[in-house]
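Biologist: I have a new structure open and I'd like to learn how to read it. Could you walk me through it?

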Amino acid sequence: MARPRTITDERLLTATAAVIEQTGPGFTLAQVAKEAGVAVGSVAQRFGSKAGLLRALTELGRTQAVERMREAAAEADSPEVAVRAALVAAFAGLDRGGESGAGGSGAVNHLAQLGTDLADPELRGLLRLHYAALRDELTVLLRMAASEQWCGPVPAVAARVLLSAINGAALDWSLRAEDPAGANDETTTNDTTSADHAASNDTVSARETVPANGTVPARDTLRACLAETVDVIMKGWLP
């Protein structure tokens, strides 16, 4: 009879995500083992290599992102808010900030790892499945949001447009995340600022917490950037 595993895959994959957040794509199995509190051999035996670890992490990430989207949408008070909340929730794993101590650099490191993953054919295929799953979830939500006043494309196309836009927004944010000038763009309007505050409040369901003093996240956080992007597009589709 096989002995039960005392070290779960999820424990090792959670450690992997934490190490990537801290160091980026140059991480090693030794760093993952240290974060998980296990021997390097335990990680290598379970996943075979760094590539195997990344494949497993990508598959787990897809499942978790879909779960976050569904949870966030279920807590929203309207179909339109559900779309925004679900999209921001899908990217919540990149924006843990204070939880990891990595601050804005944590999301940047995750995005850097994504760029590395795209160069690997197998990982690229898994990422294709990841974004297809997000698109399917978003299409369902957009069907509910597409009322008689809807001026946007059909839901499947709208889902692809929104995902493309926030992926681009995340990349743009990663390039200016620590740029003080970029955090206070002079072209920002009052409407956009209001949208940021509303978006920040609505994304609490994406496993975010509001500080005790009631303040909302700063405009230069990744989640605020993504929420702003969704709001600008949806405003044109739902006048």
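Modeller: Let's go through it one feature at a time. Keep in mind from the start that this is a predicted model.

Biologist: Then let's begin with confidence. What is the average pLDDT of the chain?

Modeller: pLDDT is the predictor's confidence in each residue, from 0 to 100. Here the chain averages 81, and 75% of the residues score at least 70.

Biologist: Over which residues does pLDDT stay under 50?

Modeller: That's the stretch 181–219. The model has 46 contacts beyond four places in sequence for those residues, but go easy on them. Where pLDDT is low, the predicted coordinates shouldn't be read in detail.

Biologist: Noted. How many helices and strands does the chain have?

Modeller: Ten helices and zero strands. Walk along the sequence and the pattern you get is α-α-α-α-α-α-α-α-α-α.

Biologist: And how do I get a feel for the way the chain folds back on itself?

Modeller: Look at how far apart in sequence the touching residues are. Among contacts with a separation of 6 or more, 72% are between residues 24 or more positions apart. Then look at burial: 44% of the 239 residues count as buried. As for the outside, the chain exposes about 12,200 Å², with carbon and sulfur atoms supplying 54% of that.

Biologist: Now the inside. Which residues of the largest nonpolar core touch the most other members?

Modeller: Val83, Leu87, Leu138, Leu142, Leu162, Leu226 and Met234, out of 38 residues in that core. The elements giving two or more residues to this core are helix 4 (50–75), helix 5 (79–90), helix 6 (104–117), helix 7 (121–145), helix 8 (155–176) and helix 10 (222–237). There's also a second, separate core of 20 residues, with Leu13, Ile20, Phe27 and Leu126 among them.

Biologist: Can you zoom in on one core residue for me?

Modeller: Try Leu87. Leaving aside residues up to four places away in sequence, Leu87 touches Leu138, Leu162, Leu163, Ile166 and Val230.

Biologist: What about charged residues? How many salt bridges are in the whole structure?

Modeller: Four. For each one, ask which elements hold the partners and how exposed they are. Take Arg46 and Asp9: their closest N and O atoms are 2.6 Å apart. Arg46 lies in helix 3 (residues 40–47) and Asp9 in helix 1 (residues 9–23), so this pair ties together parts that are 37 residues apart in sequence. Arg46 is partly exposed at 23% relative accessibility, and Asp9 is partly exposed as well, at 31%.

Biologist: Is the salt bridge between Arg84 and Asp231 made by buried or exposed residues?

Modeller: Buried ones. Arg84 has a relative accessible area of 10%, and Asp231 comes in at 15%; the cut-off for buried is under 20%. Their side chains meet at 2.8 Å, N to O. This pair links helix 5, where Arg84 sits, with helix 10, where Asp231 sits, across 147 residues.

Biologist: And which residue forms a salt bridge with Glu122?

Modeller: Arg55, with the closest N and O atoms 3.5 Å apart. Glu122 is in helix 7 and Arg55 in helix 4, 67 residues apart. Glu122 is partly exposed at 46%, and so is Arg55 at 26%.

Biologist: Let me try a polar residue. Where is Asn109, and which residues does Asn109 touch?

Modeller: Asn109 is in helix 6, and counts as buried at 16% relative accessibility. Not counting residues up to four places away, Asn109 touches Ile20, Glu21, Gln22, Thr23, Gly24 and Pro25.

Biologist: How about Glu137: buried or exposed?

Modeller: Buried, at 19% relative accessibility. Glu137 lies in helix 7 and touches Val66, Met69 and Arg70, with residues up to four places away left out. Glu137 and Val66 are a nice example of sequence versus space: 71 residues apart in sequence, 7.2 Å apart C-alpha to C-alpha.

Biologist: Last one: how many disulfides are there?

Modeller: Zero. You can still check how cysteines are placed. Cys151 counts as exposed, at 52% relative accessibility, whereas Cys225 is buried, at 5%.

Notes: Residues numbered from 1 in each chain as written. Predicted model: local features only at pLDDT ≥ 70, side-chain atom pairs only at ≥ 80, totals over all residues. Heavy atoms only, no water. Core = buried A, V, L, I, M, F, W, Y, C linked by side-chain atoms within 4.5 Å. Buried < 20%, exposed > 50% of the residue type's maximum accessible area, 1.4 Å probe, protein only. Helix = DSSP H or I, 4+ residues; strand = E, 2+ residues; numbered from the N terminus. Contact = heavy atoms within 4.5 Å. Disulfide = S-S within 2.5 Å. Areas by Shrake-Rupley, 256 points an atom, 1.4 Å probe, with all protein chains shown as cover.
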